[in-house]
Structure formats: structure tokens, C-alpha cells
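Biologist: Happy to walk through the empty spaces of this model with you. Shall we begin with the terms?

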Amino acid sequence: MSVVVAGAGPTGLTLAIELARRGVPVRVLDRAQTLFPGSRGKGLQPRTLEVFDDLGVIGAVLAAGEPFPPMRLYRGAEVVWTKPIYELLGLPELAATPAVPYPFTWLIPQWRTDQILAARFVELGGVIEFGTEVTGFAQDDDGVTVQTDHGPVRADYLVGADGGRSTVRKVSGVEFLGGALTEERIIVGDVRASGLDGRCCHLLTRDGDQATRFSLWNLAGTEHFQLVVTMAPGADPPALTLGGMQELLEQRSGRRDVELSDLRWISEYRVNLLMAQRFRMGRVLLAGDAAHVHSPAGGQGVNTGVQDAYNLGWKLAAVLAGAPDELLDSYAAERMPVAANVLQLSGALHRQGFAATGPAPSAIHQLDISYRGGPLAGEVRGPGVLQSGDRAPDGLLPDGRRLFDVFRGPHWTLLEFGRAAVDFGVPRVRLSPGPDYDVPAGSYVLVRPDGHIAAITDQPEAIREQLRRFDPVRAGSPS
């Protein structure tokens, strides 16, 4: 029983960790010779930090990053204003609560996130096979033969996490529908810069017009900045070189005191809103940018891919252990609506820019993502706000632990709200109803391995049935 993952970015590595910690043999293949060297997806949202807590990497992620710095607009060398990013996007400033331990967006360059995830995968016994390109595949009733430039690889399942130009998606024949959000092009790169004070997103302009800004973001734990430049339709493209970027900076800001050096990585792209019309084709599945591509506005890209992998990993492992095949169908049923909403949200934020023309939805934090009404949303008893399919909130326990300490790991968890203790073969905690768990006294709340609620019920048999179907290894019977 094995899985091949095409792509060693945040999506592929999250999936690989999820599988490896469940004892599933997984081969991660990547055509590059090393991990991605750039800062591209630099913002981790609160829900992604919760996922990384579960995967055992939150300490390394927090140590290597910092809260998002404020935005600072310049007119030449004059500072026009300095504002926190949440204010510019029309979002409330969140504070940590027992239910939400990581309320902030965390700034960390993607290359560092990749390093941390890769190290965790290796710690679990995994190996990333660099310089190995997936060129095609053929599937049958028993598995998938993955064609690579080093020969065929046989596996039970293949997951394409190989980016927006995904070979796995193209070979599958699945349509990637949508189009360009605008005719603008965006240049992103990593560079050193002298002449700027303070840790900010420095918005350099000549006359205060943000439409022609040259942005330089401080990157945590490094002397590099991420440069971001938007090129208007029809504008002459600059050379993607250190000299080309220095010339563009001086042209847009009128400043010669800011000097660029050590260009580590640079890329130019057009913002597209694209989504695969299927996320599952038998034994082949798509995740991350291979399944959906959208604007970087709002910092949703890496985060949505991580959530795809987090949703898919436990389901793949359960099916390989004997759960019904229909469990894999729930991956697309749950994640496709989320991807569609992210495309809409990121497109709206891209058009809004930093003008704060209207409040951005709280969905930017990804804490509100729910699978209500989905195929795995089980029984709900009671009129509370919390429903089956929702994210299970964190909370403080009398013994000093957090609920996330109990959830952490590849298992299901049972919360008992005044019910007699029943052993279903999974970890369980006794609680009292409260603001974050507004469930009727006498309820059970069954929490899935990915931290979403599977059922709220007062019927032990409903819990037993969920576990019997979807957790064939750990499900027991009541004692």
C-alpha cells in the first residue's frame, strides 16, 4: 500500500507528513534539484498554523517567522503613513483566545516553510526524490503506474501537487477553467536592499500613487526583502535582472538611496483564477495549485493547498487501511466549494488592493471554513451555533492542557458533554457546554483527524457507526 506525491512544495510535503505519520509508504517526486528557493507564498493564516501545530512543526514555524509588519507608504523619501495590514484590509485586529490560539497571519518565506516541512518528513523516515520528473501515468483497478524520467513507479494512488502547470492534471485530461483576472503582470523576487529603516512592507512611490508602487517586504529571519511590482497592461517589461529591478525602483520612486543587491530569485506571472473541474479521477487526485490557482491577494495560496492536503491525507490512509472508497469522494465534495470561494475572495481582494474600499471577509483567516452539509457531516442534535462540519475550537482543560493537545496526532477524538464515559477506542475528554461548544448537555462531539466535527449527537450508536465506517484501524466497540 503506497502513495506517490508529485511535488515537494507545501501541499505535497504536508500530505507526505500526514501519510508518513500514519505508517503509509509515500514517495515524493520533484523535478527540481532542490526545494523551491524563493519567498513566494510568505503568509501563513491562523488555520494553517493550527494544522502545523498538529503536524509537530509549529515551534519551528514560529521561531522562523514574525507577525506581518505594517505597511508604509512613501512619497519619494517622505513617509506618508504607516498602517497595520489588517486596518488596510478592513479586518478587525484579533487577539489570542482559548478557542483561537493563533489569531495572526504569520510572515515566513516559503523557502523556510518548505525546509521545515521537509525536515519533519525526513524525521518520519521520508525521502524526497529530487530530479525526478513525473511524465505520465496509467491507472487500473489495482493501482497506478507513474511514469518518470527515471522509469516507472507503481503505487496505489497518485496525488498531483505539482503546481499550476501540473503534469498530473494535464495528463489526466481534466479541464482547468477560468482565465486571467486582469492583464496586469506581477514581478516577485528576493533581493537585499539598503537605505530603508524599520521592518515594514515599504511601498515606494514617486508621488504617493500606489498604482505604480515598488514594494519591498522585510522577510523574517533573513536579510532579504521580497520585491513585488505590478506592471500595467502594455507596459514595457523590465529585464528580470538586478540591474532591471534597480532601474525600475528608481523610476517609480525617484530615489537613488535605496540600493538593491544579491538577487536570489525572480519570476514574472499573470494573475489567473483557474480551477480544475475534478479533484479526483479514480486513483489520481489533485491538490494545491494543481487544482486551483488564484490571486496572491489575501495570502490564501499556500494555505489553501495545505488545507487540501490536511483534508486528503487522513482519508487516503483510512481507505488504504480498509475504509470505503467513497471516503475519497468526500475530498472533492468538501474542498471544491472551498477552492471556489477562495478564488472569489482573492479576486475581490486583488481588485480592492490596499484602498480599504470595503471590509474583507473574515474568511481570510480560514478559521470559518466548514464542511456543513457535506457527505461526512453527521448527526446534529440541538440548536447551537457549532454544527457538524465546523472547525473544532481549541480550549483550556482543567489539567492545564489544551484541546489541541488532545487532538494532536492522526486519531479521532471524542468529547463528552455530561455523558457517561464510553470507550470507542479513541481519545476522549469530558467537558461542560460553554460559549465555544454550545452543545446540549448529554451530547457527544466526534472530532475528525483533521480537526473538523463529524457529529454532535446523544446517540452512542451514531458515533460507533462513524468510526466503524471511516476509522477501521482504531475504531473499537463500547465497553
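Modeller: In the classes used here, Ala, Val, Leu, Ile, Met, Phe, Trp, Tyr, Cys and Pro count as nonpolar, Asp, Glu, Lys and Arg as charged, and the others, Gly among them, as polar. This is a predicted model, where local features need pLDDT of at least 70, side-chain atom pairs count only at pLDDT 80 or more, and totals for chains, interfaces and linings use all residues. Residues are numbered from 1 along each chain as its sequence is written, and side-chain values use heavy atoms, with hydrogens and water left out.

Biologist: How do the residues lining the second largest cavity divide by class?

Modeller: A cavity is a set of points, on a 1 Å grid over the protein atoms alone, where a 1.4 Å probe fits but cannot get out, and lining residues have an atom within 4 Å of a point. Arg47, Gln307 and His452 are among the lining residues here. The division is 3 nonpolar, 3 polar and 3 charged.

Biologist: Where does the largest cavity lie?

Modeller: Among the residues closest to its centre are Glu50 and Phe404. Both domains, with bounds from an automatic or database domain assignment, give residues to the lining, so the largest cavity lies between domain 1 (3-66 + 100-179 + 272-365) and domain 3 (390-474).

Biologist: Is Val422 buried or exposed?

Modeller: Buried means under 20% relative accessible area, exposed over 50%, and partly exposed in between (1.4 Å probe, protein chains only). Val422 has 12% relative accessibility, so Val422 counts as buried.

Definitions and conventions
On a 1 Å grid over the protein atoms alone, a cavity is a set of points where a 1.4 Å probe fits but cannot get out, and a pocket is an open set with protein on both sides within 12 Å along at least five of seven lines; lining residues have an atom within 4 Å of a point.
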